[in-house]
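Thanks for coming. I will go through one structure this morning, starting with a helix and ending with the cavities.

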Amino acid sequence: MFRYIIHIRARGLTALCALFFIFAASGCTKVVHPEMAVSFLPCPGEYVDTAGNKISYAQVVGNASNADYVLIGEGHTSRCDHEAQFNLIQGLTRNNRKVAIGLEMVNTEKQDVLNRYNLGQLPIDKLEESLDWENQWRYDFKFFQPIFELAKARKLTVAALNFPFRITKEVRAKGLEGLNATERSLLPEKVIPPDPKQEESLKEILAMHAGRDSSNSTQVERFFLVQSLWDTAMAEQAVSLHRNSELPVVILAGAGHVEHGWGIAHRLKELDPEANIFMFMPWRGEEFYPTAADSFFYCPPAYESRLGMTIEMRQGKAVIVAVKRDRKAYKFGIRPGDVLLKAQGIPVHSLTAMHVAGRKAHKDKKPLIFKMDRRGKTFDVDLGLLVRDKKE
């Protein structure tokens, strides 16, 4: 439980940290899970309501148009997710309708850069460098560039919703008492603790981190504090943006900050109690939780390998949906439509198996071997020894 209420001066914003695989929207992925409340088999990019029924793009845009805050969860490296975000913002801003866009990806220390971009003083080809994107956010700028371009074309305000990650590291290691006055000034005035329904989930996430102990009360308390700092600060900045601009605010943030309304929305309800909130979340084709959002977009999990192939999970099978002709996978005979059965002897029932197989091959200093299925015929592909990137 949260045993403290914290009052600190705040200018900053928050960031979330949900990390997913790269997604591909090629082809129509069919999934069959009888236990799910889903009434149809969706294709990537299609929309699902909370009853599990198919809804149209126009219905989603119409529902979101009534909100003061539109929260769109994402996997940061998901092409499919970013396309869904772009499409919704595009729909919301047709006929010269305006919204403000709040970004978890940028911290408030870079708001002056966004101001110059909003005013047309900074070209798009200079934005990535000016934001120090590679060091500050790290995920590929190209996934986010279309939204920046749309904002410029439609004269939409773009704002930062994050505070520097260095502060969260300090809090995690030392607690609030370890911060100096400048760092404290970037944090929310009042940190809103997590929804009690979220606490067990947060403990499970903590336990997944190497070297963390979910039974250690100090670690748990600081982890809750860090998560609450992020979500409270993001919500606080969004409220300020809404009030100053007098526009609806579209918040782009990791899915972990949006799902079930536990993160940002929980804080928005306290900071702006009369506001109408709409939550839009990716659904991966696995278990369906109607309470996770107000509407969903279907984006199945997929992995874009450095070998030049994109793998998408379809009905529990790892299907090759794309292969680049100039890369290793194509040269060794892998083609779209092939099914990856095993990687280094490990059955590929999820994308995690790919990473485990790669680590195993590298550790054992042995060639990476795939067992493939092509229209009912199995064959092995020897991809040779893996070469680790010099950056790693």
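Helix α9

This is a predicted model. In helix α9, residues 199–208, the buried residues are Glu199, Leu202 and Leu206. Looking down the axis of α9, those buried residues fall within an arc of 60°, so they line one face of the helix. The face turned away from that buried side carries Glu204 and Met208, both exposed. As for what covers the buried residues of α9, α10, residues 217–245, is included.

Phenylalanine 163

Next, a loop residue. Phenylalanine 163 sits between β5, residues 157–162, and α7, residues 165–174. Is phenylalanine 163 buried or exposed? The relative accessible area is 1%, and the cut-off for buried is under 20%, so phenylalanine 163 counts as buried. Phenylalanine 163 can also be placed relative to glutamate 104: the two are 59 residues apart in sequence, and their C-alpha atoms are 8.9 Å apart in space. Phenylalanine 163 comes up again in a moment, as one of the residues that line the largest cavity.

The cavities

How many cavities of 30 Å³ or more are there? The count comes to two.

Take the largest cavity, with a volume of about 60 Å³. From the loop between β5 and α7 comes Phe163, and Phe163 belongs to the lining together with Asn162, Pro164 and Phe165. The rest of the lining is Met105, Val106, Asn107, Lys110, Leu131, Trp133 and Gln136. Which elements supply at least two residues each to this lining? They are β4, residues 100–107, and α5, residues 133–136. The largest share, three residues, comes from β4. By class, the lining has seven nonpolar residues, three polar and one charged.

The second largest cavity has a volume of about 40 Å³. Its lining consists of Leu103, Met105, Trp133, Phe144, Ile147, Phe148 and Leu252. Two or more of these residues come from each of β4 and α6, the latter being residues 145–153. What about the classes of the residues in this lining? Seven are nonpolar, with no polar and no charged residues.

Putting the two lists side by side, Met105 and Trp133 appear in the lining of the largest cavity and also in that of the second largest. The strand β4 likewise supplies at least two residues to the largest cavity and two or more to the second largest. The charged residue in the lining of the largest cavity is Lys110.

That is what I have for today.

Conventions:
Residues are numbered from 1 along each chain as its sequence is written. This is a predicted model: local features need pLDDT of at least 70, side-chain atom pairs count only at pLDDT 80 or more; totals for chains, interfaces and linings use all residues. Side-chain values use heavy atoms; hydrogens and water are left out. Buried means under 20% relative accessible area, exposed over 50%, partly exposed in between (1.4 Å probe, protein chains only). Helices (H or I, at least four residues) and strands (E, at least two) are DSSP runs, numbered from the N terminus. The arc is that of the directions from the helix axis to the C-beta atoms. Contact means heavy atoms within 4.5 Å. On a 1 Å grid over the protein atoms alone, a cavity is a set of points where a 1.4 Å probe fits but cannot get out, and a pocket is an open set with protein on both sides within 12 Å along at least five of seven lines; lining residues have an atom within 4 Å of a point. Grid points are joined across faces, edges and corners, and a volume is the space filled by probe spheres set on the points.
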